[in-house]
Amino acid sequence: MKRVFSGIQPSGDLHLGNLLGALVNWSKMQEDNDAVYCVVDLHALTLPQEPDVLRKNTVELAQLLIAVGIDPERSTLFVQSQVPQHPQLAWLMECTVSYGELSRMTAFKDKSNRDTTKFVSAGLFTYPALQAADILLYDTDFVPVGDDQRQHVEITRDIAERFNSRYGETFVVPEHVIPEAGARVMDLQKPDRKMSKSEGESPGTVFVLEDPKKIEKKFKRAVTDSESDVRFDIAEKPGVSNLLSILSACTGEAPEDLASNYEQYGPLKTDTAEAVIELLRPIQARFAELQSDPAETQRLLRVGADKAQVVAGEVLARAKRNIGLLA
Ligand code: TRP
């Protein structure tokens, strides 16, 4: 069996783009892979965090992952800070990657340049070294992440290869896989932009835990265009195509086929809203159940961290031995 590893930051308010673009696929990949999924709270620390909010977001995200279908019995689901091998291996990674390589990371450039008055942590700069540790600690074959993470997986491969050539065969060199089934979900108000967690009012973003009535409203108000025919045509009709993509992700039918069922935008919006609400209903119910029993979540995460440490401990020991550290 192949091992897959992926991580997600506890940044709060999971939305439909995260769900259909990534998490549904995470859940599918459990079926024929040995899947390891991690809530990367240490990565969240690279930006300023409110302690109570970080803790709450971390637990909630773990509960959401379970609610979405990540099975903590079958897969390994854990919180990064509960497996100390991550920051330990990260140091070895930091000493294997160069300042120049880290300086070329576009994610760092974007996040550090946005506001020059802002505090830029050293952790934000070394972020990819910790990510490389996450991945390499599990002898990972495949890393399912979006295109925006391509550079981080590339640098992980470079680090693994460099370490192996300097110190002998130590790490499996992982491959990036773009989730095939991953739907591209765009903002309902600005369909040329990916759906994202925006500040303040977010009429274009549908949250996984959002009230069905609000979801219905957001779809009703979704931006379409001044024509009236329903076609799947991303360039000419981004708004309508987005609705078709979302409906397609919920029903499993091709967006082009779905388009032929509609003559007007109204019914397409209604049906898409309904499909999304139905998709979210069991997720919201399971989440509420988990939230009512925090001790059970704690237990599941402990089990996950223990399982993770079995593999991570071995790989870290191998890396330490090969680089010349005492066991
Ligand atoms: N950097 C990833 C993101 O922001 C999160 C992440 C951390 C990750 N470690 C990882 C993803 C390891 C895949 C594998 O989305």
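Which backbone oxygen lies 2.6 Å from a polar atom of the side chain of Ser-112? In this predicted model, the oxygen in question belongs to Phe-108. Ser-112 itself is part of helix α6, which runs over residues 106-113. Because its relative accessible area is 12%, and anything under 20% is classed as buried, Ser-112 counts as a buried residue. If residues up to four places away in sequence are set aside, Ser-112 touches Val-120 and Leu-124.

From this one residue we can step back to the chain as a whole. The protein chain is divided into domain 1, made of residues 3-182 together with 294-323, and domain 2, made of residues 197-288. The numbering shows that domain 1 is written as two stretches of the chain, and helix α13, residues 294-323, covers the second of these stretches. Taken over C-alpha atoms, the centres of the two domains are separated by 30 Å.

How do the two domains meet? On one side 14 residues of domain 1 are involved, and they are in contact with 15 residues of domain 2. The size of an interface is often given as the accessible area lost when the parts come together. For domain 1 and domain 2 this buried area is about 1300 Å², and carbon and sulfur atoms give 79% of it. Turning to charged and polar pairs, the count of salt bridges between domain 1 and domain 2 is zero, whereas three residue pairs in polar contact are found across the interface. On the side of domain 1 that touches domain 2, the elements that give two or more residues are α1 (16-29) and α3 (51-68), and the most comes from α3, with six residues.

Within domain 1, the strands and helix α13 can be followed together. Strand β2, residues 33-39, and strand β3, residues 76-79, pair in the parallel sense over four bridges. One of the partnerships can be named, since the bridge partner of Val-39 in β3 is Val-79. Along β3 the residues point in two directions, with Thr-76 and Phe-78 pointing one way and Leu-77 and Val-79 the other way, and yet all of them are buried.

Two of these strand residues, Leu-77 and Phe-78, are touched by Ala-305, which also touches Gln-82 and Val-83 when residues up to four places away in sequence are not counted. Ala-305 lies in helix α13, and it counts as buried because its relative accessibility is 0%. The chain has to travel a long way in sequence to make this meeting: Ala-305 and Gln-80 are 225 residues apart in sequence, while their C-alpha atoms are 8.2 Å apart in space.

In domain 2, a useful residue to follow is Glu-210, which lies in the loop between β5 (175-177) and α9 (212-220). Is Glu-210 buried or exposed? Its relative accessibility is 8%, so Glu-210 counts as buried. The side chain of Glu-210 reaches the backbone nitrogen of Phe-207 at 2.8 Å, and Glu-210 also forms a salt bridge with Lys-218, in which the closest N and O atoms are 2.7 Å apart. Lys-218 is buried, as is Glu-210. Leaving aside neighbours within four places in sequence, Glu-210 is in contact with Thr-205, Ile-215, Lys-218 and Gln-284.

Helix α9 holds another charged pair, in which the side chains of Glu-216 and Lys-220 meet in a salt bridge at 3.5 Å, N to O. These two residues both lie in α9, four residues apart, which is about one turn of the helix. Their surroundings can be set beside those of the previous pair: Glu-216 counts as partly exposed because its relative accessibility is 37%, and Lys-220 counts as exposed because its relative accessibility is 54%.

These pairs belong to a wider set, since the count for the model comes to 18 salt bridges. Among them is the one between Asp-147 and Arg-150, whose closest N and O atoms are 2.9 Å apart, and here Arg-150 is partly exposed because its relative accessible area is 42%. Salt bridges can also join into a network, as they do for Asp-225, Glu-227, Asp-229, Arg-231, Asp-233 and Lys-237.

Methods: Residues are numbered from 1 along each chain as its sequence is written. This is a predicted model: local features need pLDDT of at least 70, side-chain atom pairs count only at pLDDT 80 or more; totals for chains, interfaces and linings use all residues. Side-chain values use heavy atoms; hydrogens and water are left out. Buried means under 20% relative accessible area, exposed over 50%, partly exposed in between (1.4 Å probe, protein chains only). Two strands pair if DSSP finds at least two bridges between them. Domain bounds come from an automatic or database domain assignment. Contact means heavy atoms within 4.5 Å. Buried area is the accessible area (1.4 Å probe) that two parts lose on being put together, summed over both. A salt bridge is a side-chain nitrogen of Lys or Arg within 4 Å of a carboxyl oxygen of Asp or Glu. A polar contact is a pair of N or O atoms within 3.5 Å; within protein, one must be able to donate a hydrogen and the other to accept it, and residues adjacent in sequence count only if both atoms are side-chain atoms.
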